[in-house]
Amino acid sequence: MKIGIAGGGLMGRLMAHGSSQLGHEVHVFEAGPEAPAVMTERAAAFTSAGMLSPIAEMEAGGEAVYALGIESMRRWPQIHRACNQAFDLCINGSLMVCHPADRASAERILAHTRPKSSEPQPTPLAAQELEVLEPLLKPRLHAWMLPNEGHLFPSQALEALRRYSPNSHWEFNTPVLEVEAGCIRTERGAMNFDWVFDCRGLGARSALLPLRGVRGEIFTLMPPAGCVIQRPIRLMHPRWRVYMVPRPSGEVVVGATEIESEDRSPTSVQSNLELLSAAFSIAPSLAEARIVSSDVNLRPALPDNLPQVMSRPGLTAINGLFRHGWLLAPALMHQALEAMGAKREEHALV
Ligand SMILES: Cc1cc2nc3c(=O)[nH]c(=O)nc-3n(C[C@H](O)[C@H](O)[C@H](O)COP(=O)(O)OP(=O)(O)OC[C@H]3O[C@@H](n4cnc5c(N)ncnc54)[C@H](O)[C@@H]3O)c2cc1C
């Protein structure tokens, strides 16, 4: 089949990868440039931390996000193999930690992150276990291991998804003006396809799709030599939430604010102070880390903050990935391919 994809961010690239791996001819139309710079208007996917946290994200997304997340966690290793392991993917759990004084509020947060009893649960860690797992962390923190969670390196993964999409054609700097069943219209005119996937994120906002952007600010730090973390670490605090995610270069991403605003201007002093102070409070050696970059982007969210896959013959729209896009995208890709009528046996190949 000849497939048109509007939007070349996370969902667009994953649809291109999945469809082309199934043998379809794929055409992607992306409004932005091929290699957008930090702090420019670009896919939220480039800014994200890349955590894959089905259990931790239950607090924000409940059972629905957990179920899609668990399915995606099964699929990421397959995608990783299909991309010839060209991006960093690590599934070695994540940690939730709190200061001793905040134990009660941490327990309240953990109460919202309990999968069904038959499934792996957050497990408390003894102080010695924590020290062995993450020596960078301050001693005497309370910590819980969230099994089977992971992280990936978003910019590498975006590049790999594009590179490992055989028989795909990419048009950057090409805003889509209109998406219809079997048709994508750009300034150059209308092009017909057997099926169209609308993956424009916030760019798909319309009267029928009341999307909003939720501002997120994030920092990349280079810690002093020898100061590394191995997995995502989230601080549970009654006032501040902060996470740290490792990058293969040894850098640490510290994020992220969640502000009900579509302001894309640079990070604020308050966000700087709060995020970095909270990170420093659990990992004091970050005091001498260097701030390599900061970035801001808007998460595409629907009113219920849940994702939607909407289909009619010739058109599937996937949107509302909010703060869990990397976590949910593989499961949503399979829903979208099913909607297109691809056979289930074929999906097993992707
Ligand atoms: C600070 C921050 C941290 C995050 N951390 C995580 C995390 O740790 N884990 C996680 O799972 N998720 C995380 N996310 C969320 C994740 O990044 C998003 O859910 C995901 O990127 C949404 O994917 P999308 O493809 O729908 O939108 P996007 O990734 O935004 O892609 C949409 C694309 O469509 C293009 N487009 C828009 N309009 C048009 C048009 N008219 N024509 C052509 N192209 C168009 C855009 O240029 C863009 O490239 C984070 C987000 C932010 C901002």
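This is a chat about a predicted model, covering its ligand site and its two open sheets.

User: Hi! Let's start with the ligand. Which residues come nearest to it?

Analyst: Happy to help. There are 34 residues around the ligand, and those that come nearest are M11, E30, V176, F322 and W326.

User: What's the make-up of that shell, nonpolar, polar and charged?

Analyst: The shell divides into 18 nonpolar residues, twelve polar ones and four charged ones.

User: And which helices or strands supply at least two residues of the shell?

Analyst: Four elements do: helices α1 (10–21), α2 (44–47) and α8 (325–340), plus strand β18 (290–301).

User: Where do backbone atoms lie close to a ligand oxygen? Say, for W326?

Analyst: For W326, a backbone N or O atom is 2.8 Å from an oxygen atom of the ligand. A44 has a polar backbone atom 2.9 Å from a ligand oxygen, and for G50 the distance from a backbone N or O atom to a ligand oxygen is 3.2 Å.

User: How much of the ligand does the protein bury?

Analyst: The protein buries 92% of the 1,000 Å² that the ligand exposes when taken alone.

User: Nice. Switching to the sheets: what's the strand order in the one with eight strands?

Analyst: That open sheet runs β6-β7-β5-β15-β16-β17-β14-β18, and its pairing is mixed. At its edges are β6 (123–125) and β18, each of which pairs on one side only. From one strand to the next, the twist averages 25°.

User: Do β5 and β15 run parallel or antiparallel?

Analyst: Parallel: β5 (residues 94–98) and β15 (residues 233–236) are joined by three bridges. In that region, L95 stands opposite I233 of β15.

User: Which helix lies across β5 and β14?

Analyst: That's α7 (residues 269–282), which runs at about 50° to β14 (212–222). Helix α7 also lies across β15, β16 (241–246), β17 (252–255) and β18.

User: OK, now the six-stranded sheet. What's its order?

Analyst: The order is β9-β2-β1-β13-β20-β19, in an open sheet with mixed pairing.

User: Why is one side of β9 and of β19 left without a neighbour in the sheet?

Analyst: Because β9 (168–171) and β19 (308–312) stand at the edges and each has a single partner strand. The twist in this sheet averages 15° from one strand to the next.

User: How many bridges join β19 to β20?

Analyst: Five, with the two strands running antiparallel; β20 covers residues 315–319. S311 stands opposite T316 in β20.

User: Last one: which strands does α8 lie across?

Analyst: Helix α8 lies across β1 (2–6), β13 (195–198), β19 and β20, at about 155° to β13. Helix α8 also supplies at least two residues of the ligand shell.

Key:
Residues are numbered from 1 along each chain as its sequence is written. This is a predicted model: local features need pLDDT of at least 70, side-chain atom pairs count only at pLDDT 80 or more; totals for chains, interfaces and linings use all residues. Side-chain values use heavy atoms; hydrogens and water are left out. A residue is near a molecule or strand if one of its heavy atoms lies within 4 Å of it. A polar contact is a pair of N or O atoms within 3.5 Å; within protein, one must be able to donate a hydrogen and the other to accept it, and residues adjacent in sequence count only if both atoms are side-chain atoms. Accessible areas come from the Shrake-Rupley method with a 1.4 Å probe; for residues, only the protein chains shown count as cover. Ala, Val, Leu, Ile, Met, Phe, Trp, Tyr, Cys and Pro count as nonpolar, Asp, Glu, Lys and Arg as charged, and the others, Gly among them, as polar. Two strands pair if DSSP finds at least two bridges between them. Axes are lines fitted to C-alpha atoms, for helices over the stretch in contact, and angles run from 0 to 180 degrees between N-to-C directions. Contact means heavy atoms within 4.5 Å.
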